[in-house]
Amino acid sequence: MFNFFKKEEFKIVAPVSGELIPLSQVPDQVFSTKMMGDGFAVIPGSNRVVAPLSGSLETVFPTGHAVGIKTKDGIECIVHIGLDTVELNGEGFNVLVKQGGKIKAGEPMVEFDQEALEAKGYNLVTMVVFPSGYDKAFDLGNRTVNAGEKLI
């Protein structure tokens, strides 16, 4: 009856269905050397990106290629869809959320036209990095995951 006072369990879920890989395997030095923070990546096998954790939508790029989320405990997370996809100026992306809103882990944030973007030569590996507030190591290995699947 009083479950609305219950604190939500902290969890990190897969942002997209596909092949989970360590950041060190991302073919971009900014991500692979963890310049923006530690995290993980998924080579997408689907076109819908969900929130990897619950929080407020601090930054929603109009181009659809990236979203920044901050938890109430101050953990900052960036979801970055693809390499160099900012160049597309939003082409092939459909943003489903608004900056300033709240989101729960597993809720849809962005859809993208995987076929069209890959046909243009874009690598759609999707990175989840934590610039601040989360200091545990990401040792998740390589495996197939489903969007919304609990990783941590």
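In this predicted model, Phe130 sits among a long list of partners. Beyond its sequence neighbours up to four places away, Phe130 touches Ile12, Met36, Gly37, Asp38, Gly39, Phe40, Leu53, Ile75, Glu76, Cys77 and Phe138. Phe130 also belongs to the largest nonpolar core, a set of 34 residues. Within that core, Phe130 shares the top spot for touching other members with Phe40, Leu57, Ile69 and Met109. The core draws two or more residues from each of several strands, namely S2 (38-44), S4 (55-60), S5 (66-70), S6 (76-81), S9 (108-112) and S10 (126-132). Apart from this core lies another one of 9 residues, with Val26, Phe31, Leu83 and Val129 among them.

Next come the strand pairings around S6. S5 and S6 run antiparallel to each other and pair over 5 bridges; here Val67 has Val79 of S6 as its bridge partner. The two strands form a hairpin with 5 residues between them, and in this hairpin Gly74 takes a positive phi near 90°. S6 is also joined to S10, again in the antiparallel sense and by 5 bridges. Val79 turns up here too, with Val128 as its bridge partner in S10. Val79 is thus bridged to Val67 and to Val128. As background, strands of a sheet pair through backbone hydrogen bonds, either parallel or antiparallel.

A salt bridge also involves residues of S5 and S6: Lys70 pairs up with Glu76, with 3.8 Å between the closest N and O atoms. Both ends are partly exposed, Lys70 at 30% relative accessible area and Glu76 at 30% relative accessibility. Glu76 is also one of the residues touched by Phe130.

Past S6, Thr85 is worth a look. Thr85 lies in the loop between S6 and strand S7 (93-95). Is Thr85 buried or exposed? Its relative accessible area is 0%, so Thr85 counts as buried. As for polar partners, the side chain of Thr85 reaches the backbone oxygen of Ile81 at 2.6 Å. With neighbours within four places in sequence set aside, Thr85 is in contact with His65, His80, Phe93, Tyr122 and Leu124.

S7 leads on to an open sheet of 3 strands, ordered S3-S9-S7 and paired antiparallel. S3 (48-50) and S7 are the edge strands, each pairing on one side only. On average, neighbouring strands of the sheet are turned by 20° against each other, ignoring direction. S3 and S9 run antiparallel and are joined by 3 bridges, and Val50 stands opposite Pro108 in S9.

Arg48, found in strand S3, provides a charged link across this part of the sheet. Where does the salt bridge of Arg48 lead? Its partner is Glu111, and the closest N and O atoms are 2.5 Å apart. Because Arg48 lies in strand S3 and Glu111 in strand S9, the pair ties together parts that are 63 residues apart in sequence. The backbones come together as well, with 4.5 Å separating the C-alpha atoms of Arg48 and Glu111. The side chains of Arg48 and Glu111 are likewise joined by a polar contact of 2.5 Å. Neither residue is buried: Arg48 is partly exposed at 38% relative accessible area, and Glu111 is partly exposed at 22%. Other contacts of Arg48, leaving aside neighbours within four places in sequence, include Pro15, Val16, Pro108, Val110 and Phe112.

In total, the salt bridge count comes to 5. Besides the ones described above, Lys34 forms a salt bridge with Asp38, with the closest N and O atoms 3.3 Å apart. Lys34 is partly exposed, with a relative accessible area of 40%, and Asp38 is partly exposed at 21%. With the cut-off for buried set at under 20%, Asp38 falls in the partly exposed class because its relative accessible area is 21%. Asp38 is another of the residues touched by Phe130.

Finally, there is Glu115, found in helix H2 (residues 114-119). Glu115 counts as exposed, at 69% relative accessibility. Glu115 and Gly92 are 23 residues apart in sequence, and their C-alpha atoms are 9.4 Å apart in space.

Definitions and conventions: Residues are numbered from 1 along each chain as its sequence is written. This is a predicted model: local features need pLDDT of at least 70, side-chain atom pairs count only at pLDDT 80 or more; totals for chains, interfaces and linings use all residues. Side-chain values use heavy atoms; hydrogens and water are left out. A nonpolar core is a set of buried Ala, Val, Leu, Ile, Met, Phe, Trp, Tyr and Cys residues joined through side-chain atoms within 4.5 Å. Buried means under 20% relative accessible area, exposed over 50%, partly exposed in between (1.4 Å probe, protein chains only). Helices (H or I, at least four residues) and strands (E, at least two) are DSSP runs, numbered from the N terminus. Contact means heavy atoms within 4.5 Å. Two strands pair if DSSP finds at least two bridges between them. A polar contact is a pair of N or O atoms within 3.5 Å; within protein, one must be able to donate a hydrogen and the other to accept it, and residues adjacent in sequence count only if both atoms are side-chain atoms. Axes are lines fitted to C-alpha atoms, for helices over the stretch in contact, and angles run from 0 to 180 degrees between N-to-C directions. A salt bridge is a side-chain nitrogen of Lys or Arg within 4 Å of a carboxyl oxygen of Asp or Glu.
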